[in-house]
Amino acid sequence: MKTRAAIIQRVPGAYEVVELDLDAPRTGEIMIKMVASGLCLSDEHLTSGDLPAGMLPMCGGHEGAGIVVEVGPHTSGWEVGDHAVLSCLPGCGRCRYCATGHQNLCVLTDNFSMGSRFEDSSSFRLSYQGRPVGQWCGIGTFSEYSTVSTTSAVKIPKDVPLEKACLIGCGVNTGWGATVNSAQVKPGQTVIVMGCGGVGNFAVQGAAHAGALYIIAVDPVSTKRDQAMRVGATHGVATIEEATELAKQLTDGHGADSAAITLGTLKPQHLQQALESVGKNGIVVCTSLGRATDVDFKLSIFDLTLKQKRIQGSMFGAVSPSWDILKMVRMYTGGRLNLDEVISKTYTLDQVNEGYSDLREGKNVRGVIVYS
Ligand SMILES: NC(=O)c1ccc[n+]([C@@H]2O[C@H](COP(=O)([O-])OP(=O)(O)OC[C@H]3O[C@@H](n4cnc5c(N)ncnc54)[C@H](O)[C@@H]3O)[C@@H](O)[C@H]2O)c1
Ligand SMILES: [Zn+2]
Ligand SMILES: [Zn+2]
């Protein structure tokens, strides 16, 4: 069948909305009619080349939710009409990572950027003028319809608004998990969140939920800091230097217990700044993505050993999507997760580039494409 979708054909480049051919689901797959897709900055990193696409053309989008319109043969557990949040990372449920509570590191995720099926680099479901088109993260949610593996989908109750729940497929769990799982924030602690966009707003909410006493939101854009204050930050500052000083003042000179880096494009100096902002036994959580070639990171060995500091990478908030997506849906319907205020603007599929230029100019916190 045909589907309209936003693809990138060259890097650096921009999204082009074109009509693609979409294959029917095979065994272990479902076809989704997309209802909404969030505009995460990682899809912008794809167009800039910061995040290398495994192939081109590539259909972007990895933060989607929709309704099942077709179920592959011999595919149990799914019915036409089911509602699903698509997970930005797949989980097989059987590998050593899935089996030990680290589903975000499932062996299938090694191939998330390939665009093909995770387990077969020659198998595609989308094509454009006879050429295969990749699906970013295996789901390519910037498409009216998408055929995905059931390892990328989590069924949710039908009364949850999908145009809100789509964020749970990436930004919510990435941010919330950065502070709750990766920084292991404890009651009474002081937490710095460096970058208050889509992901940072959920890192703030996670820290507040975990009982942090002080949450210092850092962002050069004042509207983003204000938004972070509305969802739980206790202080808002423009620079990490101000946050470092403030954290010291609030902790009798010790420094923050943890700093979550959730800013747009990671540079080595951001890691150095975050390490300086935390005190003894402090944890720096790195969620942001940057250029793969930026490797010249300077580290104080004294800081690391004598002050017992930790640097912790965090992929999709260290969550296990099969459970954590449904859990966060329930947190939303239970009034414990604020999605509504973080979604600041909606767009049509044809406005995808406008959504990203708004994001670059600080005009939205999280934009969402809503399909008609
Ligand atoms: N690790 C993962 O699993 C994962 C998942 C999703 C997104 N990401 C990455 O997380 C990062 C954030 O994504 P997003 O969608 O929230 O982006 P975003 O553009 O919505 O937010 C980034 C924010 O950082 C701010 N910022 C820029 N420079 C700053 C600085 N020096 N100090 C403080 N704030 C600064 C910007 O003003 C902006 O508000 C991106 O790098 C994205 O690719 C990682
Ligand atoms: Zn994302
Ligand atoms: Zn697995």
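# Briefing: ligand shell, sheet and barrel

Of the 30 residues around ligand 1, those that come nearest are Leu41, Gly195, Gly197, Val199 and Leu263. The structure is a predicted model. Its parts include an open sheet of six strands and a closed barrel of five strands. The points below begin with the ligand and then take up the sheet, helix H1, the barrel, strand S20 and one loop residue.

**Around ligand 1**

- By class, 15 residues of the shell are nonpolar, 13 are polar and two are charged.
- Helices H1 (41-48) and H5 each contribute at least two residues to this shell.
- H5 spans residues 198-209, and Val199 is among the residues that come nearest to the ligand.

**The open sheet**

- The six strands follow the order S13-S12-S11-S14-S16-S18, and their pairing is parallel.
- Strand S13 (235-237) and strand S18 (310-313) are the edge strands, each of which pairs on one side only.
- From one strand to the next, the twist averages 20 degrees.
- Two helices can be placed against this part of the structure: helix H6 (residues 222-230) lies across S11, S12 and S13, while helix H7 (residues 240-250) packs on the sheet and touches S11, S12, S13 and S14.
- H6 runs at about 165 degrees to S13, and the direction of H7 makes about 170 degrees with that of S12.

**Strand S11 within the sheet**

- Strand S11 (residues 190-194) is largely enclosed by the rest of the structure, because five of its five residues are buried.
- The cover is on both faces: Thr190, Ile192 and Met194 are buried on one side, and Val191 and Val193 are buried on the other.
- S11 pairs with strand S12 (residues 214-218) in the parallel sense, over five bridges.
- Within this pair, Val193 stands opposite Ala217, and Met194 stands opposite Val218.
- The chain leaves S11, passes through helix H5 and reaches S12, and this β-α-β crossover is right-handed.
- S11 is also joined to strand S14 (residues 256-261), by four bridges, and the two run parallel.
- In that pair, Val191 stands opposite Ser258.

**Helix H1**

- Is H1 mostly covered or mostly open? It is mostly covered, with six of its eight residues buried.
- The buried residues are Leu41, Ser42, Asp43, Glu44, Leu46 and Thr47.
- Leu41, at the start of this list, is also one of the residues that come nearest to ligand 1.
- The cover over the buried residues includes strand S1 (2-8), strand S4 (58-59), strand S17 (289-290) and helix H11.
- Gly49 follows H1 and has a positive phi, near 95 degrees.

**The closed barrel**

- The five strands of the barrel run S1-S2-S7-S8-S4, with mixed pairing.
- S1 and S4 are joined by two bridges and run antiparallel.
- Ile7 has Cys59 in S4 as its bridge partner.
- S1 and S4 are also among the elements that cover the buried residues of H1.

**Strand S20 and its partners**

- Strand S20 (residues 366-370) is mostly covered, as four of its five residues are buried.
- Strand S3 (residues 29-38) is joined to S20 by three bridges, and the two run antiparallel.
- Here the bridge partner of Ser37 is Ile369 in S20.
- Strand S19 (residues 343-347) is joined to S20 by four bridges, and the two run parallel.
- Here the bridge partner of Thr346 is Val368 in S20.
- From S19 the chain crosses through helix H11 (residues 352-360) to S20, in a right-handed β-α-β crossover.
- H11 is also part of what covers the buried residues of H1.

**Gln103, a loop residue**

- Gln103 is placed in the loop between helix H2 (96-99) and strand S7 (126-128).
- Why does Gln103 count as buried? There are 27 other C-beta atoms within 10 Å of its own, and a residue is buried if 20 or more lie within that distance.
- Leaving aside residues up to four places away in sequence, Gln103 touches Gly91, Tyr97, Cys98, Ser320, Pro321 and Ser322.
- Gln103 and Gly93 are 10 residues apart in sequence, and their C-alpha atoms are 7.2 Å apart in space.

Methods. Residues are numbered from 1 along each chain as its sequence is written. Chains are lettered from A and ligands numbered from 1 in the order in which they are written. This is a predicted model: local features need pLDDT of at least 70, side-chain atom pairs count only at pLDDT 80 or more; totals for chains, interfaces and linings use all residues. A residue is buried if 20 or more other C-beta atoms lie within 10 Å of its own, exposed if 12 or fewer, and partly exposed in between; C-beta atoms are placed from the backbone. Two strands pair if DSSP finds at least two bridges between them. A crossover is right-handed if, with the strands pointing away from the viewer, the path from the first strand over the helix to the second runs clockwise. Axes are lines fitted to C-alpha atoms, for helices over the stretch in contact, and angles run from 0 to 180 degrees between N-to-C directions. Two residues are in contact if their C-beta atoms, placed from the backbone, lie within 7 Å. A residue is near a molecule or strand if its C-beta atom, placed from the backbone, lies within 6 Å of it. Ala, Val, Leu, Ile, Met, Phe, Trp, Tyr, Cys and Pro count as nonpolar, Asp, Glu, Lys and Arg as charged, and the others, Gly among them, as polar.
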